[in-house]
Amino acid sequence: MHARIKEHLTSVLMRLQDAGELPSGDLPTIDVILAKQPEHGDFATNIAFKLAPLARRSPAQIGERLVAAIGDGDGLFSSVEFARPGFINFRIATAHWFSVLGEIAARGAQFGTSDAGAGQRVLLEFVSANPTGPLHVGHGRGAVVGDVLGNLMQAAGYHVEREYYVNDVGNQIRLLARSLYFRYAQLLGREIELPENHYQGEYVIEIAQRFREAHGDGQLDVDADALPPLFRAFIVDDILADIRDDLGRFGIGFDRWYQEHELYDSKWVERVLDKLRTEGLLYDEDGKMKYRVSQFDPNEADRVVIRDNGVPTYFASDIAYHDEKFARGFDTLINIWGADHHGYIGRVRAALTGLGHDASKLEILLVQFVNLVRGAEQVSMSTRSGQFVTLREVVDEVGADATRYFFLMRKMDAQMDFDLELAKKRSLENPVFYAQYGHARLCTMLKRGAEGGHQPAAFNSELAGLLTLPEELDIVKRLWRFSDVIAQCAAARETHPLVFYISELIKVFHGYFTRYKHTEKVISEDAAKTAARLHLCVALRTVLANGLALLGVSAPEWMEPPAETEEE
RNA sequence: GCGCCUGUAGCUCAGCUGGAUAGAGCAACGGACUUCUAAUCCGUAGGUCAGAGGUUCGAGUCCUCUCAGGCGUGCCA
């Protein structure tokens with residue numbers, strides 16, 4: 001609807017320019033906002049303020065002139081009014097509002113999608129947790145946000161590929177493999193301590209047991225410092241399979257799992273470093289090879305890419321990885337990182353600039369920490385100490401729907417408390433049930449209607465005349481916004497506006513339902529009204545179901561009422 | 001020290017990218033059930049938008065500074 005009003009305004013302004021009433025040249029951008037107060041109509045624009053200095057007239061003079069020129073917008077508006085000090089308020093004709101019902105009926109599960117993204121190719125990299133242990137709750141937040149952002153961008157017409165980058169090379173992996181070796185040795189009765197900086201988690205012991213089952217007892221006799229690839233490959237594969245499984249149970253999948261070692265196998269790291277070297281961007285310092293990052297960003301220090309022992313740093317493979325992403329020709333690269341990685345952003349961007357890439361194509365979204373709380377008790381998390389609550393434990397305890405919803409409710413760049421007790425509650429305090437219950441209620445109503453011989457009306461122009469309650473018009477207006485909300489989420493790379501939209505939409509329905517349960521019931525003796533209202537219910541259910549699907553939250557058709565608390 | 005994020009009702013958070021009188025949910029209080037599911041709804045109360053300057057027709061939103069909390073500032077990832 002915003003777009004239609006803007007189009008109309010643009011043509012009016014151009015007409016006035018041609019007539020010499022407005023100065024020629026570029027027009028200011030037209031903002032159309034939703035009116036907050038009913039007396040301001042449905043929409044408002046501030047264009048008169050913006051034109052005033054250009055036309056050297058007061059906003060009031062311009063506003064009045066514009067109102068006259070806009071007229072009724074070829075029937076789109078039922079009223080257009082000027083309001084001091086310089087707003088123009090629009091009221092949309094009822095028939096136009098109701099036309100959205102036809103669109104919903106025609107498009108069904110596709111309603112809400114748009115081509116706002118114009119088919120731009122986007123690589124969305126998220127989670128990318130190191131395969132050194134199970135996913136914890138913080139990973140879960142990034143996973144859900146990334147997954148849903150991908151859904152939203154796809155719905156808004158972007159072409160999205162999802163990727164998980166696996167750091168399967170490097171010192172942490174070496175420590176991990178050594179941890180497996182030590183645990184394996186302990187299983188075989190060797191009296192050795194697991195060194196302090198190694199991975200202490202219980203899961204390593206379990207993996208050691210599986211390793212023993214797979215490879216027997218004969219693998220002890222190796223140099224622990226030069227671990228055979230057997231240990232490394234085994235534990236990485238084992239943990240990765242676990243991660244994949246956790247994410248799968250959480251409804252999250254990837255188009256590609258990009259393994260760091262591929263960059264070495266394909267010599268991509270080598271080639272990137274060669275390129276930097278020939279361009280004079282590397283220099284030797286005490287035997288280490290450093291990248292002149294500071295040349296491209298004065299706030300950044302030069303960084304080591306090859307250690308003095310000849311082993312490349314993670315920075316080296318990260319440069320190669322992003323260089324490889326650019327080579328794949330995406331329009332936009334989005335990385336979702338944990339907030340603790342933010343110090344890394346500057347150097348990666350600077351490094352890519354140095355390679356001649358347009359670093360502005362790389363967007364790095366930081367997901368802030370999750371503070372896990374159980375009632376009043378804090379639960380701290382640290383992978384290496386081995387004490388943390390895994391994502392799997394949380395999902396098993398509170399369910400995937402509630403977990404997802406809680407992560408999606410908040411903007412990603414704010415830290416959040418995740419209260420396990422609250423997420424588990426099947427009560428008003430828990431917003432996920434509120435939305436799901438709305439969907440279930442709609443389904444029940446449609447079923448009841450069918451049992452009484454009522455079918456939803458097909459879309460027709462009579463609906464506006466039958467759905468005359470204020471709440472019914474309110475619902476229709478809100479349905480109109482759905483695809484805008486999705487496009488807005490996609491453009492802003494945010495998920496929470498959709499969550500808020502859904503809960504506000506369903507709130508209006510709950511209010512409508514309860515208010516009229518004794519007077520204007522949906523299913524009544526009036527067959528025409530009943531059919532029209534059922535049509536509205538189908539539309540509402542469609543939008544709700546589409547919205548929940550984008551969030552990856554289930555839309556149940558029935559929810560069991562809570563057990564009555566029996567009194568003895 | 002420097003950099004990033006955050007600061008809005010008692011609590012948890014929105015605020016449509018600068019618009020008109022700052023909104024929800026929970027908690028509190030008062031109401032509505034022979035129910036198209038009361039897991040619902042209606043009403044009341046609750047605010048120095050952390051603070052101070054600035055930009056302009058107009059600031060919770062943009063700029064500067066201060067305060068508070070979190071995170072980062074490695075040849076760790």
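**Exercise 1. State whether Glu 285 is buried, partly exposed or exposed, and describe its salt bridge.**

Step 1. Glu 285 has 30% relative accessibility and counts as partly exposed; buried means under 20% relative accessible area, exposed over 50%, and partly exposed in between (1.4 Å probe, protein chains only).

Step 2. This is a predicted model, in which local features need pLDDT of at least 70 and side-chain atom pairs count only at pLDDT 80 or more, while totals for chains, interfaces and linings use all residues. Residues are numbered from 1 along each chain as its sequence is written, chains are lettered from A and ligands numbered from 1 in the order in which they are written, and side-chain values use heavy atoms, with hydrogens and water left out.

Step 3. The side chain of Glu 285 meets that of Lys 290 in a salt bridge at 3.3 Å, N to O. A salt bridge is a side-chain nitrogen of Lys or Arg within 4 Å of a carboxyl oxygen of Asp or Glu.

Step 4. Lys 290, with a relative accessible area of 16%, is buried.

**Exercise 2. Find which parts of the chain the salt bridge of Asp 396 and Arg 249 ties together.**

Step 1. The whole structure holds 27 salt bridges. In one of them, Asp 396 and Arg 249 meet at 2.8 Å, N to O.

Step 2. Asp 396 lies in helix α13 (residues 391-398) and Arg 249 in helix α8 (residues 229-249), so the pair ties together parts that are 147 residues apart in sequence. Helices (H or I, at least four residues) and strands (E, at least two) are DSSP runs, numbered from the N terminus.

Step 3. Arg 249 has a relative accessible area of 43% and is partly exposed.

**Exercise 3. Place the salt bridge of Asp 474 and Arg 478 within its helix.**

Step 1. The closest N and O atoms of Asp 474 and Arg 478 are 3.1 Å apart.

Step 2. Both residues belong to helix α18 (residues 470-492); being four residues apart, they are separated by about one helical turn.

Step 3. Asp 474 is partly exposed at 28% relative accessible area, and Arg 478 is partly exposed at 23%.

**Exercise 4. Give the strand order of the four-stranded open sheet and name its edge strands.**

Step 1. The order is β1-β2-β4-β3, with antiparallel pairing. Two strands pair if DSSP finds at least two bridges between them.

Step 2. β1 (32-34) and β3 (77-83) are the edge strands, each pairing on one side only.

Step 3. β1 pairs with β2 (residues 43-45) over three bridges, and Ile 33 has Ala 44 as its bridge partner in β2.
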